[in-house]
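Work through the exercises below with the structure in view. Try each task before you read its solution.

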Amino acid sequence: MTRWFAPIVLGAALLGLAAPTALADPPAASPVKEATKHFHRGVALYSEADYRGALTEFKRAYEIAPNANVLYNVGETYYQLQNYAAALAVFERYLTEAGTNAPHRREVEQTLETLRTRVGSVQITTNVPDCEITVDDDLVGKTPFGAPVVVSVGRRKITAMHTGRAPEIRFVEVSAGDTAEVALSLTPLGSGAVARPGVTAPGETGGVDLVRVGWVTTGALAAGTVATGIWAYVASRQLQDARHTFPTTGGELDSKASRARTLGIVADVVGAATMVAGAITLKLTLSRSPSHEVHVAVVPGGIQLAGAFR
């Protein structure tokens, strides 16, 4: 559900801080004028539910002409994007910078109470210092951290990056008020990945790429399904023609009926095998990326595919 949103009038607020008098119009090329343009674009995008675009415009307005009132709009946009940790940080910053007479103070204080029930923490450690850490691809800082990183509840993607080392990615489930622990070990580039005992990459085992084998097998079975289906159709047509041809013998009809029935059964069996091989291979293919949660199953009447892509 979209929260009620009353954007603060930016132009007047910025003029009051940046211009010598509140009545003076800023020059066309002034930072205030440019920031106001970005702010108005942000309001328009927000009203159209383009929250990511609105967030970019609001943040740009603040960068050009910092004003605490713009942080209110940034916080509201983060809230709509369900980035509760970022919304919490921005709203707290808004109250600090805007002071005791901040517009929307009471509303923001109530929102903060809600947001604190929608965040948890992650204690992040790395095997080398000065690693850049991102949470859901947003930079949060470098290790070592003096305290756990506040994140939104749910499944979070933690990435560690360091010059000369391969990035390390982990996924962690975070509950409200809890602190999860993630230890990231970055391997030097060129040294080869360090294999974890008993763990193989999805779709690979013993040097064999099961995904490639699976798709080749699925393709071969699909071709077999088409071929046997055509043969079964031809045999069925020949049986029908024989039944309407005179003279014909019972033995010939029985022979043609047996052939048509056998080919039909073979086509069904090969078709079912194609579906099973395709479903298994599809699951292996999608599971190669740790950002996908996929469940594939063969059910009566077809294939069931369900999952979440993040």
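## Exercises on pocket, sheets, helix and loops

The lining of the largest pocket divides into 17 nonpolar, 6 polar and 11 charged residues. Keep in mind that the model is a predicted one.

**Exercise 1. State how much space lies in the largest pocket, and find which element gives the most to its lining.**

Step 1. Take the volume. The largest pocket holds about 1000 Å³ of space.

Step 2. Go to its centre. Of the 34 lining residues, Y78, N83, A86, V135 and D138 are the closest to that centre.

Step 3. List the elements that supply at least two lining residues each. They are α3, α4 (68-80), α5 (84-98), β3, β4 (149-152) and β5.

Step 4. Pick the top contributor. Helix α3 gives the most, with 6 residues.

**Exercise 2. Check the length of helix α3 against its expected span, then name its buried residues.**

Step 1. Find the helix. Helix α3 covers residues 51-64, which makes 14 residues.

Step 2. Work out the span. The expected span is 1.5 Å times one less than the number of residues. For α3 that should come to 20 Å.

Step 3. Compare. The end C-alpha atoms of α3 are 20 Å apart, so the model agrees with the expected span.

Step 4. Apply the burial cut-off, under 20% relative accessible area. In α3, the buried residues are Y51, G53, A54, L55, E57, F58, A61 and Y62.

**Exercise 3. Give the strand order of the open sheet of 4 strands, and find its edges.**

Step 1. Read the order. The strands run β3-β2-β5-β6, and their pairing is antiparallel.

Step 2. Find the edges. β3 (138-142) and β6 (165-174) each pair on one side only.

Step 3. Look at the twist. Neighbouring strands of this sheet are turned by 25 degrees against each other on average, direction ignored.

Step 4. Zoom in on one pair. Strand β2 (residues 132-135) and strand β5 (residues 154-162) are antiparallel and share 4 bridges. In one of these, E132 has M161 of β5 as its bridge partner.

**Exercise 4. Do the same for the open sheet of 3 strands: which strands stand at the edges?**

Step 1. Read the order. It is β4-β1-β7, with mixed pairing.

Step 2. Find the edges. β4 and β7 (179-184) each have a single partner strand, so one side of each is left without a neighbour in the sheet.

Step 3. Add the twist. From one strand to the next, it averages 35 degrees.

Step 4. Look at a parallel pair. Strand β1 (residues 119-126) and β7 run parallel and are joined by 6 bridges. The partner of V122 in β7 is A180.

**Exercise 5. Inspect the backbone at A49, Q82 and P144, and place each residue in its loop.**

Step 1. Start with A49. This residue is not a glycine, yet its phi is positive, at about 70 degrees. A49 sits in the loop between α2 (31-47) and α3. Its relative accessibility is 46%, so A49 counts as partly exposed.

Step 2. Turn to Q82. Its phi is also positive, at about 60 degrees, although Q82 is not a glycine. Q82 lies in the loop between α4 and α5. At 55% relative accessibility, Q82 counts as exposed.

Step 3. Finish with P144. The peptide bond from T143 to P144 is cis, with omega near 0 degrees. P144 belongs to the loop between β3 and β4.

How values were computed: Residues are numbered from 1 along each chain as its sequence is written. This is a predicted model: local features need pLDDT of at least 70, side-chain atom pairs count only at pLDDT 80 or more; totals for chains, interfaces and linings use all residues. Side-chain values use heavy atoms; hydrogens and water are left out. Two strands pair if DSSP finds at least two bridges between them. Axes are lines fitted to C-alpha atoms, for helices over the stretch in contact, and angles run from 0 to 180 degrees between N-to-C directions. Buried means under 20% relative accessible area, exposed over 50%, partly exposed in between (1.4 Å probe, protein chains only). On a 1 Å grid over the protein atoms alone, a cavity is a set of points where a 1.4 Å probe fits but cannot get out, and a pocket is an open set with protein on both sides within 12 Å along at least five of seven lines; lining residues have an atom within 4 Å of a point. Grid points are joined across faces, edges and corners, and a volume is the space filled by probe spheres set on the points. Ala, Val, Leu, Ile, Met, Phe, Trp, Tyr, Cys and Pro count as nonpolar, Asp, Glu, Lys and Arg as charged, and the others, Gly among them, as polar.
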